[in-house]
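User: Could you take me through this model, please? I would like to hear about the contact between the chains and the charged pairs.

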Protein chains: 2
Amino acid sequence: MDKDQNILIVLGLIGGSYARALTKQGYRVYAIDCSPSSIEFALKNKIVAGGAVEPTKELVGSADLLIFALYPHTFIAWIERYQDMIKPHALLTDVTGVKGCVVYRVQEMLRDDLEFISAHPMAGRERSGVENSDESVFRGANYIITPTSKNTPSAIERCRELGKVLGFEKISQLSPEEHDEAIAFLSQLTHCIAVSLMTSNDNPNLQFYTGDSFRDLTRIAKINDEMWSELFVLNKDALLREMNAFEREFERLKKAVEEGDKEEMRRMMKKSTERRTLFDK
Amino acid sequence: MDKDQNILIVLGLIGGSYARALTKQGYRVYAIDCSPSSIEFALKNKIVAGGAVEPTKELVGSADLLIFALYPHTFIAWIERYQDMIKPHALLTDVTGVKGCVVYRVQEMLRDDLEFISAHPMAGRERSGVENSDESVFRGANYIITPTSKNTPSAIERCRELGKVLGFEKISQLSPEEHDEAIAFLSQLTHCIAVSLMTSNDNPNLQFYTGDSFRDLTRIAKINDEMWSELFVLNKDALLREMNAFEREFERLKKAVEEGDKEEMRRMMKKSTERRTLFDK
């Protein structure tokens with residue numbers, strides 16, 4: 001990826017880790033974040049070369065690559081309001097967790113001389129903010145690019161390069177719809193499960209009796225409720241399909257427990273063991 | 001805990017880690033394991049001072065403390081068959097994952113001059129066998145003692161000391177029934193969830209799109225089907241209660257997603273975030 005370009009990251013959430021990784025690799029990175037202390041922190045720690053708490057003509061207009069790390073509705077509102085400032089022929093990308101309801105809309109509203117190629121870094125953490133950012137979260141992680149018919153091969157290639165430079169291990173390409181289906185299962189359903197598990201028992205001493213399996217399973221039950229409730233609603237149909245599919249399997253296992261049917265339990269456990277092996281890092 | 005005693009561990013599963021921890025602390029540890037290669041490995045790596053592939057009068061008869069790391073039915077069968085070999089006034093303990101159906105039965109069938117005090121180390125791992133054992137798994141972990149009216153204060157105290165010597169952080173005392181209820185939720189339900197999640201989607205490429213939340217949640221989907229199907233059946237009533245309670249919360253969240261009710265979602269997420277904080281190590 002060309003180092004003679006200006007990269008602007010509209011911060012929040014995972015943007016700080018992007019900034020760290022790109023700065024470390026020798027890129028000129030600028031940032032916008034509505035929090036003055038975040039910008040101050042990023043400048044002081046040399047995570048970015050410059051930054052501001054709101055979009056300025058100078059900052060936005062000089063960027064060749066713009067990376068948006070915002071909630072879906074904030075991202076769309078940003079484009080609506082500020083896209084006139086963007087330099088002609090700049091490339092835009094994002095980190096948004098749902099694609100179908102974002103990608104087409106942004107591509108449609110975008111000026112003709114700009115291109116938006118959407119991507120999803122699968123490297124979320126419970127803590128957010130540039131102060132907690134850490135570029136090592138990308139190591140060994142997955143990166144999904146979700147191009148549409150409006151995207152050019154060169155933009156897809158630049159997005160792929162960005163994923164490589166950030167340090168992702170596996171870079172895949174899915175349609176926005178395929179992405180939303182996979183993410184409904186892999187990410188949203190898991191958060192639904194962790195939250196429901198955590199709220200289903202009020203015994204105040206359980207932390208003294210637990211093992212690590214419960215801790216691992218509920219790590220994501222500490223959840224950014226503003227972001228995730230938005231993501232759930234925006235991907236409602238796919239999420240409900242996956243919730244129902246999970247419930248069917250859970251019911252199957254429950255029936256086996258009720259009937260003391262060890263054969264059926266062991267059949268499911270063998271299948272889960274075999275399938276889980278695919279996910280080992 | 002008195003170092004002038006012989007400790008016999010009937011191996012399998014977590015027994016290897018017990019042996020490592022106790023040997024390191026200067027105790028004389030002997031082991032029985034039906035696998036010759038496990039005994040050979042334990043002797044060669046000085047994890048135990050001696051061992052055999054089956055109970056011998058010499059090994060069993062000289063132990064002051066016997067620790068059983070066996071499946072519930074194997075443990076009960078062992079006591080039935082070999083308890084005559086045990087030295088008078090020896091103390092017996094175990095690591096069994098269910099208590100109600102084991103503790104009373106073993107205490108009832110045991111010779112009058114022996115005492116069995118049951119305990120559960122909350123430090124399971126996906127891999128088993130003495131070759132994979134590791135005493136560091138006990139660090140920061142929970143240990144639950146489940147005494148009954150048949151237990152003496154001195155046996156409870158010795159069991160508590162054993163937990164301390166092994167390196168457990170928090171040692172609790174529960175009745176067998178309280179234990180089974182807590183474990184149905186904390187351990188068995190989590191395994192049910194991980195297995196059901198893993199079997200509910202057959203897309204063969206998901207490992208290239210996933211993030212760590214799915215990996216963490218399904219770590220325990222690689223499961224010892226023989227042991228866990230037995231544990232599920234032995235704790236059926238408590239497990240079914242917890243499965244139903246979880247389903248109710250999951251349904252509540254599903255309804256909120258269906259109705260786009262962000263307030264209800266966020267209420268549950270805030271509760272789960274707050275409750276999960278209690279479990280941070």
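Analyst: What follows goes through the symmetry, the interface, the salt bridges and two single residues.

User: Before that, what are the ground rules here?

Analyst: This is a predicted model, so local features need pLDDT of at least 70 and side-chain atom pairs count only at pLDDT 80 or more, while totals for chains, interfaces and linings use all residues. Residues are numbered from 1 along each chain as its sequence is written, chains are lettered from A and ligands numbered from 1 in the order in which they are written, and side-chain values use heavy atoms, with hydrogens and water left out.

User: OK, what rotation and shift put chain A on chain B?

Analyst: Chain A is superposed on chain B by a rotation of 180° with 0.0 Å of shift along the axis, at an RMSD of 0.0 Å, where the fit is by least squares on the C-alpha atoms of residues with pLDDT of at least 70 in both copies. That is the relation of a two-fold axis, and in chain A the C-alpha nearest the axis belongs to Leu217(A), at 2.1 Å from it. The same surface serves both copies, since 100% of the contact residues of chain A recur in chain B.

User: And how many residues does the contact take from each chain?

Analyst: It takes 84 residues from chain A and 84 residues from chain B, with contact meaning heavy atoms within 4.5 Å. About 8,900 Å² is buried between chain A and chain B, and carbon and sulfur atoms give 64% of that area; buried area here is the accessible area (1.4 Å probe) that two parts lose on being put together, summed over both. In chain A, Tyr209(A), Phe250(A) and Arg276(A) lose the most area to chain B, together 8% of what that side buries.

User: How many polar contacts and salt bridges cross it?

Analyst: Across the interface of chain A and chain B there are 42 residue pairs in polar contact, both residues at pLDDT 80 or more. A polar contact is a pair of N or O atoms within 3.5 Å; within protein, one must be able to donate a hydrogen and the other to accept it, and residues adjacent in sequence count only if both atoms are side-chain atoms. The interface also has 12 salt bridges, each defined as a side-chain nitrogen of Lys or Arg within 4 Å of a carboxyl oxygen of Asp or Glu.

User: Which helix gives the most to the chain A side?

Analyst: H10(A) gives the most to the side of chain A that touches chain B, with 16 residues; helices (H or I, at least four residues) and strands (E, at least two) are DSSP runs, numbered from the N terminus. The elements that each supply at least two residues to that side include strand E8 (142-145), strand E9 (170-173) and helix H11 (262-277) of chain A.

User: Back to charges: how many salt bridges are there over all chains?

Analyst: The count comes to 32 salt bridges over all chains. One of them pairs Asp202(A) with Lys271(B) at 3.6 Å, N to O. Asp202(A) lies in the loop between helix H7 (176-199) and helix H8 (212-218) of chain A and Lys271(B) in helix H11 (residues 262-277) of chain B, so this pair joins two chains.

User: Is Asp202(A) buried or exposed?

Analyst: Asp202(A) counts as exposed, at 51% relative accessibility, whereas Lys271(B) is partly exposed, with a relative accessible area of 29%. Buried means under 20% relative accessible area, exposed over 50%, and partly exposed in between (1.4 Å probe, protein chains only).

User: What about Asp212(B) and Arg215(B)?

Analyst: Asp212(B) and Arg215(B) form a salt bridge, with the closest N and O atoms 2.8 Å apart. They are 3 residues apart in helix H8 (residues 212-218) of chain B, and are therefore separated by about one helical turn. Asp212(B) is partly exposed at 22%, while Arg215(B) is buried at 10%.

User: Last topic: what does Ser213(B) touch?

Analyst: Ser213(B), in helix H8 of chain B, is buried, with a relative accessible area of 13%. Not counting residues up to four places away in sequence, Ser213(B) touches Leu186(A), Thr190(A), His191(A), Arg219(A) and Ile220(A).

User: And where is Gln188(A)?

Analyst: Gln188(A) is in helix H7 of chain A and is buried, with a relative accessible area of 1%. The residues that Gln188(A) touches, not counting those up to four places away in sequence, include Val98(A), Trp228(A) and Leu239(A).
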